[in-house]
Amino acid sequence: MVNGKCKTKFLTLTVYHLPLTTMKIYPITDVSLTKLSHAEQVERLIAGGAKIVQLREKNGAADAFFADAARALEIARKHAVKIIINDRVDIALALRADGVHLGQDDLPPAEARKILGERAIIGFSTHNVNQAVEAVKLPVDYIAIGPVFPTETKGNPDAVVGLDTIKIVRAKIGNFPLVAIGGINLQNFREVLSAGADSVAVIGNLLSEPDEISETFKKFLAAV
Ligand code: 3NM
């Protein structure tokens with residue numbers, strides 16, 4: 001058992017951690033906001049320089065999301081861009097996507113890990129310091145914390161955590177990859193990174209002008 005335990009620890013420290021720290025801007029798609037398919041949003045984001053995109057679908061039917069995500073993945077593969085599927089472990093598995101992002105009420109990360117395997121990227125949302133501290137013990141590659149600022153994009157959001165929580169979480173989790181989310185924009189994202197986040201996940205401020213998605217993404221990258 002000791003060996004088994006060591007192996008798990010080793011995997012947690014080395015294999016599960018991805019270079020998300022090098023992807024400081026983590027875009028998430030939203031069809032209802034943009035009126036564009038996930039595939040079209042991915043195309044525009046990649047044209048702006050995105051290296052990882054999360055596909056988030058809260059309204060559509062599974063078959064339509066699957067078909068759209070398959071097209072998005074095809075585009076992403078041509079550019080060596082990673083695709084993470086929000087919530088749906090089944091769709092991530094069926095598509096052989098790069099990974100899945102799970103919320104507190106989704107399939108537990110350990111079960112998702114069993115299904116998707118060691119190479120999958122698994123992210124996990126947290127909304128306070130305690131959840132974050134517990135989450136880094138799980139077989140996940142990164143945790144997200146939010147909402148950092150008020151957000152209009154998420155229905156029924158948790159309480160705003162603010163920059164101080166990011167600082168506290170960073171102090172408690174060491175180098176564990178930390179994504180911040182919620183109300184982050186071109187003006188405030190650097191202070192979120194300075195507070196200790198490795199990466200910022202953004203929806204509204206990137207996508208609210210669908211014709212300018214590529215340009216807006218470029219502006220984020222230029223401002224990092
Ligand atoms: N999750 P915007 S906040 C999807 O707190 C999501 O976990 C959140 O969108 C969390 O960049 C959020 O438009 C919405 O604020 C992020």
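**Entry: Q54 and N86**

I began with Q54 and looked for a partner of its side chain. The side chain of Q54 makes a polar contact with the side chain of N86, at 2.7 Å. I should say here that this is a predicted model, so I read every distance as a value computed from that model. Where does Q54 lie? I found Q54 in strand β2, which covers residues 52–55. Q54 has a relative accessible area of 3%, and because buried means under 20%, I wrote Q54 down as buried.

N86 then took me to strand β3, since β3 is listed as 82–86.

**Entry: V31, seen from N86**

I stayed with N86 and checked how far away V31 is. V31 and N86 are 55 residues apart in sequence, and their C-alpha atoms are 13 Å apart in space. V31 belongs to helix α2, residues 31–34. Is V31 buried, exposed or partly exposed? Its relative accessible area is 26%, and the partly exposed class runs between 20% and 50%, so V31 is partly exposed.

**Entry: helix α3 and what follows**

Next I went through helix α3, residues 38–48, to see which residues are buried. My list reads H38, A39, Q41, V42, L45, I46 and G48. Then I looked at the residue just after α3: G49 takes a positive phi of about 115°.

**Entry: positive phi outside glycine**

G49 made me curious about positive phi in other residues. Most residues other than glycine have a negative phi. I noted A80, which has a positive phi of about 55° although it is not a glycine. A80 sits in the loop between α4 (62–78) and β3 (82–86). With a relative accessible area of 67%, A80 is exposed.

I also noted N156, whose phi is near 55°, a positive value in a residue other than glycine. N156 is in the loop between β6 and α8. Its relative accessible area is 73%, and N156 is exposed.

**Entry: strand β6 and the cis bond**

The N156 loop led me back to strand β6, residues 142–145, where I143 has its place. I143 has a relative accessible area of 0%, so I logged I143 as buried. I also took a distance from I143 to I28: the two are 115 residues apart in sequence and 15 Å apart in space, C-alpha to C-alpha.

Then I moved on to P147, which is found in the loop between β6 and α8. Which form does the peptide bond from G146 to P147 take, cis or trans? This bond is cis, with omega near 0°. That caught my eye because most peptide bonds are trans.

**Entry: the ligand**

P147 brought me to the ligand. A backbone N or O atom of P147 lies 2.9 Å from an oxygen atom of the ligand. A polar side-chain atom of T153 lies 2.4 Å from a ligand oxygen atom, and for G204 a backbone N or O atom is 2.8 Å from an oxygen atom of the ligand. The protein covers 95% of the 420 Å² of accessible area that the ligand has on its own.

How many residues surround the ligand? I counted 13, and the closest are G146, T151, T153, G183 and G204. G146 was familiar by then, as the residue before P147 in the cis bond. By class, the shell holds 4 nonpolar, 7 polar and 2 charged residues. I also checked the pockets: the space taken by the ligand is the largest pocket.

**Entry: R170 in helix α8**

From the loop I carried on into helix α8, residues 162–173, which holds R170. Is R170 buried or exposed? At 17% relative accessibility R170 counts as buried, because the cut-off is under 20%. I looked for a polar partner too, and found that the backbone oxygen of G196 lies 2.9 Å from a polar atom of the R170 side chain.

**Entry: P109 in helix α6**

My last stop was P109, in helix α6, residues 109–116. P109 has a relative accessible area of 5%, so P109 went down as buried. Finally I compared P109 with V140: they are 31 residues apart along the chain, and their C-alpha atoms are separated by 6.7 Å.

Note on methods
Residues numbered from 1 in each chain as written. Predicted model: local features only at pLDDT ≥ 70, side-chain atom pairs only at ≥ 80, totals over all residues. Heavy atoms only, no water. Buried < 20%, exposed > 50% of the residue type's maximum accessible area, 1.4 Å probe, protein only. Helix = DSSP H or I, 4+ residues; strand = E, 2+ residues; numbered from the N terminus. Near = heavy atom within 4 Å. Polar contact = N/O pair within 3.5 Å; in protein donor to acceptor, adjacent residues only side chain to side chain. Areas by Shrake-Rupley, 256 points an atom, 1.4 Å probe, with all protein chains shown as cover. 1 Å grid on protein atoms, 1.4 Å probe; cavity = no way out; pocket = protein on both sides within 12 Å on 5 of 7 lines; lining within 4 Å. Sits in = over half its atoms within 2 Å of the grid points. Nonpolar A, V, L, I, M, F, W, Y, C, P; charged D, E, K, R; others polar.
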